[in-house]
Amino acid sequence: MQNVREVRTADQANLEDLFFGQTVILWARWSVIVAGIVLVLWTSTTVTHLTQTVPFFLALMAMNFFLHGRYVMGSPLNRVAVMVASFVDLVLITAIVALWPGSHGLDNQFFVLYFPVVFAFALVFTRQIEAAYTVIAIVAYAAACLLTGTVHLDLGNDVKVLVMRAIVIAAMGFLGNYYFRIQRDRLARASRGATSGVEAMMASSVPARQPVRR
Amino acid sequence: MSYGVKVGEHLVSPDGNWYWDGVAQQWVPKPIAPGVAGVAYEAPRHHAAPPRAQSGKGLSSFTGSVRSEDLVFGQTVLVWARWILIGTGLVLSFWSPSDLHMLQVQLAAIIALAFGNFYLHVQLLRGHPAIDNIVYAASVADLCVVTALVLVQGGYSSPVFIFYFAAVVGISVAFPTLLTAGYTAAVVVVYGIICLSTAPPEEFPAVFTRLLMIAAVAACGNVFARNESHRREEAARAHEELLDEPADRAAEEHANQPVAPA
């Protein structure tokens, strides 16, 4: 008779999720750092501007070096540390959107930096945590737009654009976490030595074609 | 309203392959031999074999021979990403529309996408994921629709470019690495050309950021999918080893036993 005992506990699986998922967050953060540094170097018009903006990205880079180093050395970070680092990402991106010289709030085109960060976070954490993070990102972006006076609450075009961007940020979180849950299920099946479910899906064509009882 | 046609004492489904068993209260495949009664049983064509997906007509035309298991699971993400694109597109189309021509193009593209996605979603719900080439073609259609909307709305200044992100997310988790790279490169090149030809030079940093973030999202999704694939392999191997342990132990104990005297 086949032994159906799982080869890992739930706690162990959660730790593994965090450890293996970290790499996505790390790469998402590297992309933000690269984008930020290129932008700072490209758009700076004065020495003051450059010296005021680069330190933010250098700090983020140092943090990511540390986190990536821990990951490469195989010593997993705890859940809180990863969440705090991700929260720092949101703060920094919101600061860029709100304070970037030249264009603020809704007119600032660097809101796209939210997308990989929210998506990567959603691939690592459970639904509640992911939902909270996504909501914080949306609220932070909306607040940055409202506080800079670039959005007027008259349901005009600027509100429309803000809603569109908020929906896509939410979609990043939802789709990432949806895929995360699919993968958890597949991993649990593999751990039990069960089939992936595709065979059953394909073999179930007979009942699937059965007329629905009215 | 009845579901099918009533032949003799039995209600028969429209395709003629099932009849309603009133005692068991369920649909039953029709038997091979003509039996119960009526015209519907006079031609027992292929009743013994289970119904197969027809290859030439009907909703199942493009389903049946799925080649990639990852794509089956990724299809659901793609379908939901497309629904988000469709839903958001519809809402925003009706939100302070200004130009009739633009609205016509938007609605035509979105409705066409909705029909295609409805078909794919129905197939998933029926347990018949679409074959790989259909999924790949549907993703090309997504990207074409977003590109068309971007072009209609003025290229760089169009706010709908963010829908590239939703499309790329689905692609990155569902498709193999090479295809993900190909699709993403196509998006970056096409959208990059559109932006560079329609944006003023002072906006080029913003263009760069958009393109880099599209690539970053694709990379994150695909790295995660590959990691998970490796984890599943490891888990399956660990499970196999767990199953083999008792057999190995028994064989070892048997080998260590003293030889029985003749």
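Read along the sequence, chain A goes α-α-α-α-α-α-α-α: that is 8 helices and 0 strands, where helices are DSSP runs of H or I with at least four residues, strands are E runs of at least two, and both are numbered from the N terminus. A word on the source: this is a predicted model, in which local features need pLDDT of at least 70 and side-chain atom pairs count only at pLDDT 80 or more, while totals for chains, interfaces and linings use all residues. Residues are numbered from 1 along each chain as its sequence is written, and chains are lettered from A and ligands numbered from 1 in the order in which they are written.

Let's look at helix α5 of chain A, residues 127-147. Its 21 residues should span 30 Å at 1.5 Å a residue, and the end C-alpha atoms are indeed 30 Å apart; the expected span is 1.5 Å times one less than the number of residues.

Which residues of α5(A) are buried? They are E130(A), Y133(A), T134(A), A137(A), Y141(A), A144(A) and C145(A). Buried means 20 or more other C-beta atoms within 10 Å of the residue's own, exposed means 12 or fewer, and partly exposed is in between, with C-beta atoms placed from the backbone. Seen down the axis, the buried residues fall within an arc of 105°, so they line one face of the helix; the arc is that of directions from the helix axis to the C-beta atoms.

On the face turned away from that buried side sit the exposed residues Q128(A) and L147(A). Q128(A) counts as exposed because it has 9 C-beta neighbours inside 10 Å.

Finally, α5(A) is followed by G149(A), with a positive phi near 75°.
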